[in-house]
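Please open the structure in the viewer and follow the selections below in order. Each stop names what to select and then what is found there.

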Amino acid sequence: MQGSGQVAGRQAGAPHHKGGGKRKLAHSAADKTGSGAEQGSPGFLTQRLPFLGLSKLEYDLPCGGGKRGDYLTAANYRSLRASAENYARLVGKPLDHVPGGNFGAGIADLYFKLMALEPDINLNIGTDEGRLHFVFWDTYNFPGYTLFWLRIDFLEKLSGGMRAAAVAFLRLLKEKTGMETTNDSWDVQSVVEYLRECAWEADDPQDRELDEGYADSYSEGGSAYGLMEELLAESGGADRVFGLLSKARTRDEEGKKLLALMREGTALLSGITVPLFSYRYDPYGCDDGTERVMEMERLMRFTYADDRVSEELEQMLNGEFECGSYEESLSETLILTPDTEQRFSKKTAPDELLLFLEKFLDFLNGYLS
């Protein structure tokens with residue numbers, strides 16, 4: 001993976017660390033960067049000419065039993081045509097639709113005519129229980145092959161009002177993004193189990209003690225686990241966080257910079273009504289199991305420290321990306337219906353929050369060095 005300020009193109013399994021938590025992994029063989037599967041998107045849409053020349057396109061019905069449905073129906077064509085014609089009116093341009101000889105050709109023509117109406121925006125066709133809908137989408141500024149891992153061991157350097165304010169700020173950040181802690185992560189638990197196996201097999205007593213120590217720290221009752229538990233309570237909202245920040249005192253210049261950053265972040269978070277992870281969308285979605293999508297929860301999360309567990313997690317991700325999977329990203333989407341009232345547009349909040357997170361992680365890099 002790659003991110004700003006670091007050298008890209010390294011081999012998988014040789015992770016480069018950035019102490020503040022933002023990391024780059026090796027490039028994968030895949031050239032796709034997508035996002036999470038919040039909305040369905042059938043694999044045939046990745047073809048060069050979707051639907052063209054097809055009169056039937058079947059899918060497995062959820063009831064099972066070998067029963068099949070067909071996407072290319074009169075109902076789907078009528079709905080897509082009404083949605084496209086409505087959007088053309090919003091743009092103020094004619095659709096100039098040519099139905100073609102079958103529903104597949106008609107839907108393909110609608111697809112390309114909509115693309116011509118908004119040439120700078122991506123277009124897909126999603127599914128919902130056999131129904132088709134057009135989806136305009138555009139990604140936010142989430143750097144490819146980058147891990148936004150916010151290590152929270154900086155809390156151990158704080159005390160009193162400073163620590164209380166920082167914990168409240170991290171709780172608010174968790175609520176407004178959807179970021180998970182290492183206590184919630186299945187891959188962290190896999191690493192913990194692996195380290196216990198390493199300790200069991202270690203011949204060197206010192207290696208055994210180190211591996212057991214990391215495994216214990218990330219398990220219930222351990223220091224890393226306990227610190228993560230503090231983030232699970234509610235923040236009380238931005239006003240409460242602002243109040244705690246205003247009461248916090250420090251004579252340390254780096255501490256003052258930390259306070260200023262948390263005030264800036266709280267001001268930004270106070271205006272966010274939809275959690276960042278709600279912007280996930282997978283334009284390449286395919287249900288045949290051939291692709292491994294890297295979930296947003298693994299790309300952005302709270303971590304404890306730049307330690308053996310984080311190194312093992314990063315190597316795990318490097319290996320998965322090397323196998324050709326693509327990563328989740330964040331996208332603005334607009335599902336078209338015959339009643340859509342506004343043209344596609346992007347909000348500024350997700351990009352602003354991502355830029356802030358980059359700055360905050362860069363600060364922690366120096367603060368913890």
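Begin by selecting K346 and Y140: K346 lies over the face of Y140, 4.7 Å from the ring centre. The model shown is a predicted one. A second arrangement of this kind is reached by selecting K157 and Y367, where K157 sits over the face of Y367 at 4.1 Å from the ring centre.

Keep Y367 displayed and add F154. Which residues does F154 contact, leaving aside its neighbours within four places in sequence? They are A166, L170, L258, F360, L364, Y367 and L368. F154 also belongs to the largest nonpolar core, which has 67 residues; F154 is listed with L150, M300 and F360 as having the most contacts inside that core. Apart from this core lies another, of 24 residues, with L57, L95, I125 and L132 among them. In soluble globular proteins, nonpolar side chains tend to be buried together.

Next, display the aromatic rings. Across the whole structure there are eleven aromatic pairs. One of these joins F169 and F356 in an edge-to-face arrangement, with 6.3 Å centre to centre and 80° between the planes. This pair links distant parts of the chain: F169 is in helix 3 (residues 160–177) and F356 is in helix 11 (residues 349–367), 187 residues apart. Are F169 and F356 buried or exposed? Both are buried. Adding F154 and F360 to the selection completes a cluster, in which ring pairs link F154, F169, F356 and F360.

Now turn to the strands. Select strand 4 (residues 122–128) and strand 5 (residues 131–139), which pair in the antiparallel sense over seven bridges. T127 has L132 of strand 5 as its bridge partner, and L132 was met above as a member of the core of 24 residues. Strand 4 and strand 5 form a hairpin with two residues between them. In the turn, E129 has a positive phi of about 55°.

Add strand 10 (residues 331–335), which pairs with strand 5 in the antiparallel sense over five bridges. Here F136 has L334 in strand 10 as its bridge partner. With strand 10 shown, the view holds an open sheet of three strands in the order 4-5-10, with antiparallel pairing. Strand 4 and strand 10 are the edge strands, each pairing on one side only. From one strand to the next, the twist averages 35°.

Finally, select helix 1 (residues 74–91). Helix 1 lies across strand 5 and strand 10, and runs at about 40° to strand 5.

Key. Residues numbered from 1 in each chain as written. Predicted model: local features only at pLDDT ≥ 70, side-chain atom pairs only at ≥ 80, totals over all residues. Heavy atoms only, no water. Core = buried A, V, L, I, M, F, W, Y, C linked by side-chain atoms within 4.5 Å. Buried < 20%, exposed > 50% of the residue type's maximum accessible area, 1.4 Å probe, protein only. Contact = heavy atoms within 4.5 Å. Phe/Tyr/Trp six-rings, centres within 6.5 Å; stacked < 30°, edge-to-face > 60°. Helix = DSSP H or I, 4+ residues; strand = E, 2+ residues; numbered from the N terminus. Lys NZ or Arg CZ within 6 Å of the ring centre and 35° of its normal. Pairing = 2+ DSSP bridges. Axes fitted to C-alpha atoms, helices over the stretch in contact; angles between N-to-C directions.
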